[in-house]
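Me: Can you walk me through this model? Keep it brisk, and start with the ring pairs.

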Amino acid sequence: MILPPTLSSMRQGRAAALAFVVITLIAAEAMGDRRIFARSYPYMTLPAGGFEIEHYLDVGLKRVDDPDTKRIESKFMPSWTTQVEFEYGITDRLDFGFYSVFRQKAFEDFKFRGVKLRSRYRFLDEGVLPVDPAVYVEFAYYGDEVKFEQILIVARRFGKLESSVNFKFEEKIKYGGPETEFVFEFIPSIGIGYHFNNNVSLALEYYGKLEVEDGETEDFDSYLGPTISVAGRHFFWTVLLATKLNGIEDSAECQVRSLFGSQL
């Protein structure tokens, strides 16, 4: 007769599994294309011929009114955006990515939003200049909206300290409504992180968004929060929890980003 596992044996099993994961993380050499920041892009690109799959999960929490009820209420509800990226290293300094984007706003259905194409190029080897510059360009198609994005990446690593500053510019053309709208956004981000070892790092990130529509400034939102990242031989997982410093009432009070990458 097979006896069910006891509570003690189950606890021992969980402890052994946790110990195995910790030992694996410590023993394994971290992957080369490591991202310790969730919002700021790093300077390094994929090596030539390298292939990576990345999954983004963004959660924004804010108070919204349930449209299915007559009374006006304020429920703290999440909105979700998930992206899957296939990334390939064309050369040691140039890589390319293709995204599929899905979204679910509060009280709405989960749906496919569109696709994105992007490329990143770094000019020199790391450490040649006082800072390491790179550029990033992206095109997105969302059915009733197209978006163009440009990022100037300025990064530097000093031993176990790593920093990255992104100056992002976005131009959106929205044509799904009665009138075509043009929106310009400036989205700066700063990340400063510390590598405890090759597998665990902790960072602090700031990012904001200034939106200009039809020549008028609409709003400026900014967020700050900690980021933790773990990595193994063929993967990394980075999670950011950011709270709003300032912004309009309609923007999220708290934002979470999970970024998981696996290099093949």
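Reply: First the rule: rings of Phe, Tyr and Trp (its six-membered ring) pair if their centres lie within 6.5 Å; planes under 30 degrees apart count as stacked, over 60 as edge-to-face and the rest as tilted. By this rule there are 12 aromatic pairs.

Me: Give me one of them, with numbers?

Reply: Tyr 207 and Tyr 223 are stacked, at 5.4 Å centre to centre and 15° between the planes. Tyr 207 sits in strand β9 (residues 200-213) and Tyr 223 in strand β10, 16 residues apart. Strands here are DSSP runs (E, at least two residues), numbered from the N terminus.

Me: Are Tyr 207 and Tyr 223 buried or exposed?

Reply: Both are buried. Buried means under 20% relative accessible area, exposed over 50%, partly exposed in between (1.4 Å probe, protein chains only).

Me: Which residues do ring pairs link into a cluster?

Reply: Phe 102, Phe 110 and Phe 112.

Me: Before going on, what are the ground rules?

Reply: The model is predicted: local features need pLDDT of at least 70, side-chain atom pairs count only at pLDDT 80 or more, and totals for chains, interfaces and linings use all residues. Residues are numbered from 1 along each chain as its sequence is written, and side-chain values use heavy atoms, with hydrogens and water left out.

Me: OK, fold. What do the strands build?

Reply: A closed barrel of 12 strands, running from β1 through to β12 in order, with antiparallel pairing. Two strands pair if DSSP finds at least two bridges between them.

Me: And the angle between neighbours?

Reply: On average, neighbouring strands are turned by 20° against each other, direction ignored. Axes are lines fitted to C-alpha atoms, and angles run from 0 to 180 degrees between N-to-C directions.

Me: How many bridges join β11 to β12?

Reply: Nine, between residues 235-246 and 254-263, and the two run antiparallel. Phe 236 stands opposite Gly 261. Ala 242 has Gln 255 as its bridge partner.

Me: What about β10 and β11?

Reply: Eight bridges, again antiparallel. A hairpin of three residues joins them. Tyr 223 from the stacked pair stands opposite Lys 244 in β11.

Me: Switching to cores. Which residues touch the most other members of the largest one?

Reply: Tyr 41, Tyr 56, Tyr 99, Tyr 136, Ile 151 and Ile 153, out of 15 residues. β3, β5 and β6 each give two or more residues to this core. Another core, of six residues, lies apart from it, with Ala 38, Tyr 223, Ala 242 and Ala 252 among them. A nonpolar core is a set of buried Ala, Val, Leu, Ile, Met, Phe, Trp, Tyr and Cys residues joined through side-chain atoms within 4.5 Å.

Me: Ser 164 caught my eye. What does its side chain reach?

Reply: The backbone oxygen of Tyr 41, at 2.7 Å. A polar contact is a pair of N or O atoms within 3.5 Å; within protein, one must be able to donate a hydrogen and the other to accept it, and residues adjacent in sequence count only if both atoms are side-chain atoms. Ser 164 lies in β7 and is buried, at 1% relative accessible area.

Me: And Val 183?

Reply: Val 183 is in β8, and counts as buried because its relative accessibility is 1%. Its C-alpha is 5.0 Å from that of Lys 172, 11 residues apart along the chain. Contacts (heavy atoms within 4.5 Å) of Val 183 include Glu 170, Lys 174 and Val 212.

How values were computed:
Helix = DSSP H or I, 4+ residues; strand = E, 2+ residues; numbered from the N terminus. Lists of a residue's contacts leave out its neighbours within four places in sequence.
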